[in-house]
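Please read the following report alongside the sequence and the coordinates. It takes up one surface position, one interior position and then the chain as a whole.

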Amino acid sequence: MKFSLRQRLVFTHLFLLFIVTIIVGLIIINELQRYYTSRLFEELKTQLNEIEHLLTTSAFGFDERGIKYGQLTGYARVGQMRLTLIDSTGRVVFESEVAPDSLRQVENHLARPEVQMALKAGFGRDERLSATVKRRLFYVAKRIPPPLTPFPLLAQVRFIRLAIPLIEVERILNEIRWKIVAGSLLVLFFTGLISYWVSSRLTTPLQELARTADLVKQGHIEAHFQRASDDELGELADLLNDMLAKVRDDWEKIQKLETMRSQFLGNVSHELRTPIFAVQGYLETLMENNVANPQLQKSFVEKAYHQAARLNDLLTDLIDISRIESGEMQMSFQYFDLHEWLNKQVADMQGMAQEHQVLLTLYRSQFYRPAAVLGDRERLNQVMTNLIVNAIKYNVPGGKVEVGYRDKPKHIEIFVADTGRGIPAEHLSRIFERFYRVDKERSRAVGGTGLGLAIVKHIVEAHDSEVLVQSEVGKGSIFSFVLKKK
């Protein structure tokens, strides 16, 4: 059977109170019993002293002929007690509950605990079931010295013993026990009500939090945890709301990534299909039509080769961006000479620039100073290659591309500027997305893979920098980023 938190709290409180009540009750009863027994012992000691005084007088208990048996028996009955007189040998010489002619049948009392205690300490006490009268009695005995009296028989008495039934003490203790039980039940009842109320105050907010959490589990991430109080539960609600806000953000990112993944797969399949189909078409034409013209054959082979090269570039870029985004591509940072590096980049790209009738130059400032920057030279080669290639391919015949850098207080700004077509403002925020093209037809015509700027973005960000773009349609574009200088 499953118990709720509220039920467990109530049961726990009641159980603890029940245990405490039993322990306290036992302690109280034990202490009361000791108290009443001590009081009773003191009272009976006083009565023993009174009886001793009365026995030593000539008017009570004894005369020349012996014990006044009837008078002593009546005295004991009026006092609702049992009176016993015992000699030094333990023989009973008087017993208020036994007839005179039956005293011989009463066993010796010298070994009785209260008698032995009185023999040693003057007074003795004991509680037990009487073998004579078959009742539970409280016994008190007193040892008396030899009296100065003219009655010889009294000289034989060495112990006076009183016994009273414990029924009265037990009755009082029973009443106390019942009162404790009744009080405990009353306390348990009210404690149960208070515990239920307190546990409700505690568990109701928890149940609300659990219900909201269940809604979130079912996919309702727009749910909100209510802050019902200013205590720890309120802090828990705030914490859960903070966590839920992060879940919402993560969920939006996951949805966005899922959308990007779907778009990426679609774009990849489309980008791969185009060169594959082109290669397949050229080869089928050569195989089936038996083209006899060597010049035409060469043209088809060259086109198929260019499409295969494009396919190879696309696969290379896909591998690179996959390695970068997965963290498999490790960066190796070191300082290197910036001017020498940029000069090599420009020299390597001069052939492509001349092919597209574009003037590619290295910017030389009159304030030029040698500079060393920190970065992964090999990966930065990819960045510059992509930026310069784009600046050349998307330029105009007779256009210019300028590569250079500017010295800043803490960094070196590297830039690639062109006088090309420019990028419309509405496309600037998306040009670093994978396979995003401003002019799709022209991009495919110049052989772009659609991944170059995405690779540039990731590599530059790995250098704790950002690619900035300034562009104006019909005037050109400037791509720039910064590197830490030595």
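## Ile 27 and its surface patch

In this predicted model, Ile 27 belongs to helix α1, which covers residues 5–55. With a relative accessibility of 48%, Ile 27 is classed as partly exposed, because that class lies between the 20% limit for buried residues and the 50% limit for exposed ones.

Ile 27 also takes part in a nonpolar patch on the surface, which amounts to about 750 Å². The other contributors to this patch are Phe 15, Leu 16, Phe 18, Ile 19, Ile 22, Ile 23 and Leu 26.

## Glu 95 in strand β4

Glu 95 is found in strand β4, a strand formed by residues 92–95. Its relative accessible area is 1%, and Glu 95 is therefore counted as buried, the limit for that class being under 20%.

Which residues are in contact with Glu 95, once its neighbours within four places in sequence are left aside? They are Tyr 69, Arg 82, Leu 83, Thr 84, Leu 103 and Arg 161.

## The protein as a whole

The secondary structure of the protein consists of eleven helices and 14 strands. Of its 486 residues, 36% are classed as buried, and Glu 95 is one of the residues that are buried.

The protein exposes an area of about 29300 Å², of which 57% is supplied by carbon and sulfur atoms. When contacts between residues at least 6 apart in sequence are considered, 65% of them link residues that are at least 24 apart.

Definitions and conventions
Residues are numbered from 1 along each chain as its sequence is written. This is a predicted model: local features need pLDDT of at least 70, side-chain atom pairs count only at pLDDT 80 or more; totals for chains, interfaces and linings use all residues. Side-chain values use heavy atoms; hydrogens and water are left out. Patches are made of residues with over 30% relative accessible area and no salt bridge: like charges are joined within 9 Å, nonpolar side chains (Val, Leu, Ile, Met, Phe, Trp, Tyr) within 5 Å. Accessible areas come from the Shrake-Rupley method with a 1.4 Å probe; for residues, only the protein chains shown count as cover. A salt bridge is a side-chain nitrogen of Lys or Arg within 4 Å of a carboxyl oxygen of Asp or Glu. Helices (H or I, at least four residues) and strands (E, at least two) are DSSP runs, numbered from the N terminus. Buried means under 20% relative accessible area, exposed over 50%, partly exposed in between (1.4 Å probe, protein chains only). Contact means heavy atoms within 4.5 Å.
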